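Student: I've got a structure open and I'd like to learn how to read it feature by feature. Can you walk me through it?

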Amino acid sequence: MVSDNASPCRIALISMPWSIFNRPSIQLGALKSYLEREAEYQVDNYHLYLHLAKTISTELYSRIALSGWAGEALFAPLLFPEKKADAAKLFRQSLTGKGKPRPDFDTLTASVAESCAQWLADINFSPYALIGFSLCFSQLFASLYLAKKIKDKWSDIPIVFGGSSCSGEIGASLLQHFSTIDYLIDGEGEQQLLALCRFLSGQANSLPDKIRTLHPVPAAQTNKADKATPPLPLGRLPYPDYTPYFKEMRTLFPGQPFIPLLPIEFSRGCWWNKCTFCNLNLQWQNYRFKESGRMLKETLHLAEKHESLHFTFTDNALPRKEADHFFTSLLQEDLDIDFFAEIRGITEPDRLQLYSRAGLRTVQVGIEALSTSLLAKMAKGTTTIDNIAVMKMCSAAGIRMEGNLITDFPGTTEEEITETLRNLDFVLPFLPLQAATFFLGYGSPLHAGAAGQSKTKDFPIQRIIPHAKNRRLFPQDHVQSMLMLINSYQGDKKLQHRHWQPVKRKIRTWQDFHKQRTASGQHPLHYRDGRSFLIIRQEQPERTPLLHRLRGASRKIYLACERPEKIDSLLKAFPQVTDQALRKFIDEMCTKRLMFQENDRVLALAVHHTSG
Ligand code: SF4
């Protein structure tokens, strides 16, 4: 399979749009450093997305990259010209940026194609023995397009696809439908890519099962023993090599108008891994994480090497104990580093305060719902009061919290919609969530249940059908025969769409409330403590802020509910207060949206005025 004039040791890895342009690809960085450490290979990484960002402007590039389907829609007609009208429609619907100019679809598609052509014209791929594409969100059409262009010119160089968009049967289906892909790596890349390189260069005569190909590899040569290849301990992996990204960035943006955000990986997989809608962990082998000491060294090394203090954890959920040690040690370093991380609900104020002081500035929290029975259907392992507590704790710790509220979830009852609408009133002071419409993710427990592959609780999903947006991008024959990561279903979909409209409207009102008050430096619901009394200031949409004063035991009880507290515990802590008086006080506080109660637990909602 290796072209005659190619060195068996030189590999090109490419990351395509629509990766966020101001961060290097961790997939490419990790593979390069691993392969170069393990063997005499030279791995050249290319971040084509930087070139496109330069061509169409970083502002427009970011808008498209953050618009989900818009980026895929731009590349779709380059592969399937007959889908141009449909793709243009999807592009217009998906592109965010209210009030910003809408670029012409045809002109933009032509610029995208021209940018790829120019990039290709400058690179001679002949010396390469293998060209690899790493595919994550919104990189499918761009990768398929460039792979085709490369094959047109260098037909004898094998192309390999890998990444989270190529896992399991999805990858097998891609291989069946696109002849430009010679090999496909299913799951974690390091060991498989090394095995493929060894096979192609004649150093090995077998391929592990996790590498798919339609090329004839004699069955007898398939190494069944490799099935049992244990996952790599993350602590033994080398640091990702981001040098090529920085080289490209300096060439394309010589004035360096941005300081890149460095991706770091603390763990792979998810220690919870139960959510019924989730398919984010298909490519990982078990949940594994690095020790905090190793993570600290890696962070400091990358910061110093690339002179950047901005980091983003790629983890689905940080490992709790190790993250505690990591942030504690980082505090001693006295550096102005900032981090983004995805976390599962943390409701301990001290822990969030620690993370915040060490530099955790923004978190994505899997809120997903504000109805406890709905959270149970999602198998989130949280309750509404836990979710509201994490929103409050992040505010109190000065951490910006982003999160989604999944709408149109199958099987949602009218009571759950009513409960969600009611609870939205209580979270008004906290940063608004985004409404994220449910889709049936391939490989999620709900999908597996609907496909008859596993037992899930009864959901009104009768049949898996193609997602409307995939219908816009792929020709009919592909839609019918290809397995897709994002799917739809027949069942109660239309009913849910109707049910959820009031929730979506209320989320928009919530977002508008926060947009309108951006000039204010104060939290919309905060308190000042006067030792014997407490003053709570509560902003309301389009009304004058309210002031509430709590004295004596009322003040003490309010402060005791900084985190969700059981009513029984409060009665023990305040023996002078009767059960009846306490419940009356809590009722009043809840009516005013100053406290939230769920069953026997209550939470004070106002944050101390010194907090973000
Ligand atoms: S949604 Fe998040 S917490 Fe739930 S299983 Fe997926 S990665 Fe884990």
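Student: Let's start with a sheet. In what order do the three strands of the open sheet come, and is the pairing parallel or antiparallel?

Tutor: One thing up front: this is a predicted model. Now the general idea: strands of a sheet pair through backbone hydrogen bonds, either parallel or antiparallel. Here the order is β15-β17-β16, and the pairing is antiparallel.

Student: Which strands sit at the edges?

Tutor: β15 (440–441) and β16 (461–466) are the edge strands, and each of them pairs on one side only. Take the link from β15 to β17, residues 486–491: two bridges join these antiparallel strands. If you want one to click on, L440 has N487 in β17 as its bridge partner.

Student: I see a histidine around there. Where is H447 placed, then?

Tutor: H447 belongs to helix α17, residues 445–450. Beyond its sequence neighbours within four places, H447 is in contact with L440, G441, Y442, I464 and N487. You've just met two of those: L440 and N487 are the bridge partners.

Student: Is H447 buried or exposed?

Tutor: Buried, because its relative accessibility is 6% and the cut-off for buried is under 20%.

Student: Can I read a whole helix that way? How many residues of α9 are buried?

Tutor: You can. In α9, residues 190–200, nine of the 11 residues are buried, so the helix is largely enclosed by the rest of the structure. Among the buried ones are E190, Q192, L193, C197 and F199. Look just past the end of α9 too: G202 has a positive phi of about 80° there.

Student: What about cores? Which residues have the most contacts inside the largest nonpolar core?

Tutor: The general idea first: in soluble globular proteins, nonpolar side chains tend to be buried together. In this model the largest nonpolar core has 167 residues, and F125, F133 and F327 have the most contacts inside it. A second, separate core has 26 residues, including I11, L13, I185 and L237.

Student: Pick one of those phenylalanines. What is F133 in contact with, leaving aside its neighbours within four places in sequence?

Tutor: The list includes I14, M16, L146, I150, V160 and F161, along with S143 and G162.

Student: Now for the empty space. How many cavities of 30 Å³ or more are there?

Tutor: Rolling a probe the size of a water molecule over the atoms shows where empty space is left. In this structure there are three such cavities, and the largest cavity holds about 80 Å³ of space.

Student: What lines the largest cavity?

Tutor: Its lining includes I26, A30, S33, R268, K290 and R294. E190 and L237 are in that lining too; you met E190 as a buried residue of α9 and L237 in the second core. Helix α1 gives the most, with three residues. By type, the lining splits into five nonpolar, one polar and six charged residues.

Student: And how much space lies in the second largest pocket?

Tutor: About 370 Å³. It has 19 lining residues, and the closest to its centre are D425, L428, Q540, P541 and R593. α16 (414–426), α21 (501–516), β19 (533–540) and β20 (543–551) each supply at least two lining residues.

Student: Which of these elements gives the largest share of the lining?

Tutor: α21 does, with four residues. The lining of this pocket divides into 10 nonpolar, three polar and six charged residues.

Methods
Residues are numbered from 1 along each chain as its sequence is written. This is a predicted model: local features need pLDDT of at least 70, side-chain atom pairs count only at pLDDT 80 or more; totals for chains, interfaces and linings use all residues. Side-chain values use heavy atoms; hydrogens and water are left out. A nonpolar core is a set of buried Ala, Val, Leu, Ile, Met, Phe, Trp, Tyr and Cys residues joined through side-chain atoms within 4.5 Å. Buried means under 20% relative accessible area, exposed over 50%, partly exposed in between (1.4 Å probe, protein chains only). Contact means heavy atoms within 4.5 Å. Two strands pair if DSSP finds at least two bridges between them. On a 1 Å grid over the protein atoms alone, a cavity is a set of points where a 1.4 Å probe fits but cannot get out, and a pocket is an open set with protein on both sides within 12 Å along at least five of seven lines; lining residues have an atom within 4 Å of a point. Grid points are joined across faces, edges and corners, and a volume is the space filled by probe spheres set on the points. Ala, Val, Leu, Ile, Met, Phe, Trp, Tyr, Cys and Pro count as nonpolar, Asp, Glu, Lys and Arg as charged, and the others, Gly among them, as polar.
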